[in-house]
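Trainee: I am new to this structure and would be grateful for a close look at a single part of it. Please begin there, and then explain how the surroundings of that part are arranged.

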Amino acid sequence: MNDRDGTVSLDDKNEKDDRYDKNRDAKEPLRVGVAVRKRRRALHLTLAAVSARSGLSVPFLSQIENERARPSMRSLERVADALETTAVELLAASDTARTVDLVRAGDDPGFTPVPGVRPLVRGHHQLHALEFTGDQDAGREYQHRNDELMYVISGACQVEAEGRAYRLENGDALFLSGGVRHRWRAVTEETRILVVAVGDHIHATSEPPAPGR
């Protein structure tokens, strides 16, 4: 809403910037509104109540819920706070409805707590994929339930798996089956590593499905 002197408030400007975010693909599915509306109704809150809590206007919140506006991470975090949850949880809940999701090279996920780590698959899915950039040191030992693949895009890394050491360089790939204990670290600042894994919540089996299934 405009101020009385005709100027535009900061919140109005932020909302307008969200609606016309030129840095996003215009064809990107707007699915977060489904999760926002479901969460609001679960808390028995009106749009007016969420507006009062978040500082965002009722019309803008309505557009988000009806997927006619694309909120920035800053606005989504304000909505999440008003709904007593997190932006990460709202994104995870909304992404279950997606079948196609484009992550461009310059995209900033905005909610990743670890510098140099970029999710390539957003939300809670069967497939996980992360890009690690820089001199990363995973530090602790890992043992995942399902299969994992490490691919070095550039630079190099050292991997220890089941008592053996491996040095991976540009173009090298290391497959780790579920249950293999391992740890790894990047050894150069320009290192970029792609890690793709089956989600731990998936119960994978090597046995073929029974006939008729």
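Mentor: Phe132 and Trp184 are both buried, where buried means under 20% relative accessible area, exposed over 50% and partly exposed in between, computed with a 1.4 Å probe and the protein chains only. The model is predicted: local features need a pLDDT of at least 70, side-chain atom pairs count only at pLDDT 80 or more, and totals for chains, interfaces and linings use all residues. Residues are numbered from 1 along each chain as its sequence is written, and side-chain values use heavy atoms, with hydrogens and water left out.

Aromatic rings of Phe, Tyr and Trp (for Trp, the six-membered ring) count as a pair if their centres lie within 6.5 Å; planes under 30 degrees apart are called stacked, those over 60 edge-to-face, and the rest tilted. This rule yields one aromatic pair. Its members are Phe132 and Trp184, arranged edge-to-face, with 5.0 Å from centre to centre and 80 degrees between the planes. The pair joins distant parts of the chain, since Phe132 belongs to strand β2 (residues 127-133) and Trp184 to strand β8 (residues 181-186), 52 residues apart. Helices (H or I, at least four residues) and strands (E, at least two) are DSSP runs numbered from the N terminus.

Strand β2 also holds Glu131. This residue counts as buried because its relative accessibility is 8%. The side chain of Glu131 makes a polar contact of 2.5 Å with the side chain of Arg192. A polar contact is a pair of N or O atoms within 3.5 Å; within protein, one must be able to donate a hydrogen and the other to accept it, and residues adjacent in sequence count only if both atoms are side-chain atoms. Setting aside residues up to four places away in sequence, Glu131 touches Gly116, Val117, Arg118, Leu120, Ile153, Arg192 and Ile193; contact here means heavy atoms within 4.5 Å.

A further acidic residue to consider is Asp147, placed in the loop between β3 (142-143) and β4 (148-154). With a relative accessibility of 34%, Asp147 counts as partly exposed. The side chain of Asp147 reaches the backbone nitrogen of Gly178 at 2.9 Å. Among the residues that Asp147 touches, not counting those up to four places away in sequence, are Phe175, Leu176, Val196 and Ala197. Asp147 and Ala197 lie 50 residues apart in sequence, yet their C-alpha atoms are 5.8 Å apart in space.

The nonpolar cores come next. Such a core is a set of buried Ala, Val, Leu, Ile, Met, Phe, Trp, Tyr and Cys residues joined through side-chain atoms within 4.5 Å. The largest has 19 residues, and those with the most contacts inside it are Val36, Val50, Ile64, Leu76, Val79, Leu83 and Leu90. Two or more residues of this core come from each of α2, α4, α5 and α6 (87-95). Helix α5 gives the largest share, five residues. Apart from its neighbours within four places in sequence, Val36 is in contact with Ile64, Glu65, Val79, Leu83 and Leu90. A second, separate core of 15 residues includes Val117, Ala161, Leu176 and Ile193.

Within α5, the buried residues are Met73, Ser75, Leu76, Val79, Ala80 and Ala82. Glu84 follows just after α5, in the loop between α5 and α6. Its phi is near 60 degrees, a positive value in a residue other than glycine. Glu84 counts as exposed, because its relative accessibility is 51%. Glu162, in the loop between β5 (156-161) and β6 (164-169), likewise is not a glycine and has a positive phi of about 50 degrees. Glu162 is exposed, at a relative accessible area of 53%.

In helix α3 (residues 47-54), the residues Val50, Ser51 and Ser54 are buried. Viewed down the axis of α3, they fall within an arc of 105 degrees, so they line one face of the helix; the arc is taken from the directions from the helix axis to the C-beta atoms. Their cover includes α2 (32-42), α4 (58-65) and α5 (73-82).

For the protein as a whole, the secondary structure comes to six helices and nine strands. Of its 213 residues, 33% count as buried.
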